[in-house]
Amino acid sequence: MNTLDVANKVVELTRKQAWYDALDLYDDNVVSVEAFGMGGESPETRGKEGVRGKVDWWVNAMEVHSFDVQGPFVAHDRFVVQYDADVSDKKTKQRHKMSEAGVYTVKNGKIVREEFLPRVD
């Protein structure tokens, strides 16, 4: 798959909230970077299994009320997808809206890097 193919597949799967299916698009040595680390940890996660752990956390921690996906925006070996979500923390029941852009880099038909940039209001 080329970058456009990978980007379109990411959009298709995230619109369906098929988080685990999307893992097939990742390189085994992917680097995933969040805006902030949780609990003082590094914001960087390495490896496909690390990304799977982030998906596990999301699925177990968040109730998704709505999830909107815009894009992809594609050039060369990179693409961007905008995500807007209305979620509640399953433990605290606190509801909030979030918006972020995912910036992805593709090599040999797989995502090798993703970085999430939150909208700051």
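In this predicted model, Ala-61 touches Ser-88, Asp-89 and Lys-90, not counting residues up to four places away in sequence. Ala-61 lies in helix H3. The C-alpha atoms of Ala-61 and Val-87 are separated by 9.8 Å. Along the chain, these two residues stand 26 residues apart. The relative accessible area of Ala-61 is 14%. Ala-61 therefore counts as buried, since the limit is under 20%. Helix H3 itself covers residues 48-61 and supplies at least two residues of the largest nonpolar core.

The strands come next. An open sheet is built from 6 strands. Their order is S2-S1-S6-S5-S4-S3, and the pairing is mixed. S2 and S3 are the edge strands, each pairing on one side only. From one strand to the next, the twist averages 20 degrees. Helix H1 packs on this sheet and touches S3, S4, S5 and S6. The direction of H1 makes about 165 degrees with that of S3.

Strand S1 spans residues 26-33, and strand S6 spans residues 110-118. S1 and S6 run parallel and are joined by 4 bridges. Within this pair, Ser-32 of S1 stands opposite Glu-114 in S6. S1 is also joined to strand S2, residues 44-46, by 3 bridges. Here the two strands run antiparallel. Val-33 stands opposite Glu-44 in S2.

At the other end of the sheet order are S4 and S3. Strand S3 covers residues 62-75, and strand S4 covers residues 78-89. The two run antiparallel, with 11 bridges between them. Phe-67 has Ala-85 in S4 as its bridge partner. Phe-73 is likewise bridged to a residue in S4, namely Val-80. S3 and S4 form a hairpin with 2 residues between them. In the turn, His-76 has a positive phi of about 55 degrees. In a regular strand, side chains alternate between the two faces of the sheet.

Strand S3 also holds Pro-72. A cis peptide bond joins Gly-71 and Pro-72, with omega about 15 degrees. Pro-72 is among the contacts of Val-81. Leaving aside neighbours within four places in sequence, Val-81 is also in contact with Val-10, Val-11, Val-69 and Gln-70. Glu-100, Ala-101, Gly-102 and Tyr-104 complete the list of contacts of Val-81.

Two of these names recur in the nonpolar core. The largest core has 28 residues. Val-10, Phe-79, Val-81, Tyr-83, Tyr-104 and Ile-111 touch the most other members. Helices and strands both contribute to this core. At least two residues each come from helices H1 (3-15), H2 (19-22) and H3. S1, S3, S4, S5 (95-107) and S6 also supply at least two each. In soluble globular proteins, nonpolar side chains tend to be buried together.

The model also contains open space. Rolling a probe the size of a water molecule over the atoms shows where empty space is left. About 1,000 Å³ of space lies in the largest pocket. This pocket is lined by 34 residues. Nearest its centre lie Glu-34, Lys-54, Trp-58, Glu-100 and Phe-116. Among these, Glu-100 is also a contact of Val-81. The elements giving two or more residues to the lining are H1, H2, S2, H3, S3, S4, S5 and S6. S5 provides the largest share, with 6 residues.

Two loop residues have positive phi values. Gln-17 is found in the loop between H1 and H2. Its phi is near 55 degrees, a positive value in a residue other than glycine. Relative accessibility at Gln-17 is 33%, so Gln-17 counts as partly exposed. Lys-93 is placed in the loop between S4 and S5. Although Lys-93 is not a glycine, its phi is positive, about 65 degrees. Lys-93 has a relative accessibility of 62%. Lys-93 therefore counts as exposed, since the limit is over 50%.

How values were computed
Residues numbered from 1 in each chain as written. Predicted model: local features only at pLDDT ≥ 70, side-chain atom pairs only at ≥ 80, totals over all residues. Heavy atoms only, no water. Pairing = 2+ DSSP bridges. Core = buried A, V, L, I, M, F, W, Y, C linked by side-chain atoms within 4.5 Å. Buried < 20%, exposed > 50% of the residue type's maximum accessible area, 1.4 Å probe, protein only. Contact = heavy atoms within 4.5 Å. Axes fitted to C-alpha atoms, helices over the stretch in contact; angles between N-to-C directions. 1 Å grid on protein atoms, 1.4 Å probe; cavity = no way out; pocket = protein on both sides within 12 Å on 5 of 7 lines; lining within 4 Å. Points joined across faces, edges and corners; volume = space filled by probe spheres on them.
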